[in-house]
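User: I'd like to understand the reasoning behind some of the labels used for this protein and its ligand. Could you take me through them one at a time?

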Amino acid sequence: MPEIRPFEPQDGEALRRLMEEAFGPGAGGKPGEPLSLPDGCRAWLAGEGGAPAAFCRTVPDKETLALGRLCLDALFVSPPRRRRGLGTALLRAAREAARAEGLGGLWAYSPVELPPAFLAATGGRRRRALRLFRRGSLESVPYPRVPQGYRVRPAGLPADLAPAAALYNAVFSRMWNFRAHAARDIAEWFEGGETAPENCLFLESLAEPAGLLGMAVLAVDSSRLQRGDRTAYIPDIGVLPGHRGKGWGEILIASAAARARDAGLAALELLADTEDAAVCAFYRRMGFEERGVLQVYEWEVA
Ligand SMILES: CC(C)(COP(=O)(O)OP(=O)(O)OC[C@H]1O[C@@H](n2cnc3c(N)ncnc32)[C@H](O)[C@@H]1OP(=O)(O)O)[C@@H](O)C(=O)NCCC(=O)NCCS
């Protein structure tokens, strides 16, 4: 029978070992330093007596939570201990946690494909596949040339909150995980510490009809910075549907790269829906390289 328990501080070594087995050397943090879970994360360990042989971890991803789901960023069973119910037991624990928090289910983001038979056995399904793109060597991205009558500028708060929400809704309404934003949701972008107003860039038309036409947002993960990884992640970049195909996307990428350089950052990363071939082709044209695919799986709580 699988034994399962929530992570406790004394499980640090066991979790480190499993994280390195799942994600490779270094994934469990620095050897000798106690492994603790970042704020808001939860983990469960599973085994059948002896050292734990499996784990899963949830992270407080705001966007996933706002969509009523708990976000699972790791689910791993040590290969010799597979097919003994450990994966099922871990999922059950995470689903129970989701239910206890009043959430409708789980979304798991996984760099590896889970066996379809495991999904079928646990009532899960693949929701989406996202391609990770990365652009390093930002020095060679030309400085943006913004035509007269337009500008790219950082967010000004609170005046931009309502127009930014309207822009967000018009730009991203067809995205796979779209959720309509109000001014309050935009304000929350700046509360977590990853996104600063000066890293939230708007493309604006100054001529009539004046207004926002596009946006590019940079998020900086402080734990990555601490590890010496100077990568900025772009959670949102887009142009109003009626203004696409006119080079604004390239200007937004160049603006994001210029802002990242000014902030001492060295690379940009973003995720694109693998089903959106035009968007993937655009990032390749912009010098982004593919760095793998992230699968999104879903389980309902019921
Ligand atoms: C997916 C995974 C979690 C499944 O864990 P597990 O403990 O082996 O799964 P379970 O024993 O609970 O399987 C339940 C059922 O799913 C199905 N199943 C699971 N794995 C299967 C496989 N490889 N082939 C066919 N069926 C499978 C079976 O029906 C199984 O029941 P059964 O063994 O009685 O027939 C495990 O394969 C794994 O860790 N894969 C790697 C994931 C990874 O790399 N994570 C790191 C990044 S997040």
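Analyst: Happy to! Let's begin with a cut-off: a residue is called buried when its relative accessible area is under 20%. Please keep in mind that this is a predicted model.

User: Why is Thr 231 called buried?

Analyst: Thr 231 has 3% relative accessibility, and the label asks for under 20%, so Thr 231 counts as buried. Its place is in strand S10.

User: What makes the pairing of Thr 231 with Asp 229 a polar contact?

Analyst: The cut-off for a pair of N or O atoms is 3.5 Å. The side chains of Thr 231 and Asp 229 are joined at 2.5 Å, so the pair is within the limit. The side chain of Thr 231 also has a polar contact with that of Arg 134, at 3.1 Å.

User: How do you know whether Asp 236 is buried or exposed?

Analyst: Its relative accessibility is 10%. Buried means under 20% and exposed means over 50%, so Asp 236 counts as buried. Asp 236 is found in strand S10, which covers residues 231-239. Its C-alpha atom is separated by 8.4 Å from that of Leu 270, with the two positions 34 residues apart along the chain.

User: And why is Leu 167 called buried?

Analyst: The relative accessible area of Leu 167 is 3%, and the limit is under 20%, so Leu 167 is buried. You will find Leu 167 in helix H5, residues 161-172.

User: Let's turn to the ligand. What makes its pairing with Gly 87 a polar contact?

Analyst: An oxygen atom of the ligand is 2.7 Å from a polar backbone atom of Gly 87, and the limit is 3.5 Å, so this pair qualifies. For Leu 86, a polar backbone atom is 3.4 Å from an oxygen atom of the ligand. A nitrogen atom of the ligand lies 2.9 Å from a backbone N or O atom of Leu 75. On its own the ligand has 940 Å² of accessible area, and the protein covers 76% of that.

User: Which residues are closest to the ligand, and how many surround it?

Analyst: The ligand is surrounded by 20 residues, with Val 77, Arg 83, Gly 85, Gly 87 and Thr 88 the closest. By type, the shell divides into 13 nonpolar, 4 polar and 3 charged residues. Strand S4 gives the largest share, 4 residues.

User: Where does the ligand sit?

Analyst: In the second largest pocket.

Terms used. Residues are numbered from 1 along each chain as its sequence is written. This is a predicted model: local features need pLDDT of at least 70, side-chain atom pairs count only at pLDDT 80 or more; totals for chains, interfaces and linings use all residues. Side-chain values use heavy atoms; hydrogens and water are left out. A residue is near a molecule or strand if one of its heavy atoms lies within 4 Å of it. A polar contact is a pair of N or O atoms within 3.5 Å; within protein, one must be able to donate a hydrogen and the other to accept it, and residues adjacent in sequence count only if both atoms are side-chain atoms. Accessible areas come from the Shrake-Rupley method with a 1.4 Å probe; for residues, only the protein chains shown count as cover. On a 1 Å grid over the protein atoms alone, a cavity is a set of points where a 1.4 Å probe fits but cannot get out, and a pocket is an open set with protein on both sides within 12 Å along at least five of seven lines; lining residues have an atom within 4 Å of a point. A molecule sits in a cavity or pocket if more than half of its atoms lie within 2 Å of its grid points. Helices (H or I, at least four residues) and strands (E, at least two) are DSSP runs, numbered from the N terminus. Ala, Val, Leu, Ile, Met, Phe, Trp, Tyr, Cys and Pro count as nonpolar, Asp, Glu, Lys and Arg as charged, and the others, Gly among them, as polar. Buried means under 20% relative accessible area, exposed over 50%, partly exposed in between (1.4 Å probe, protein chains only).
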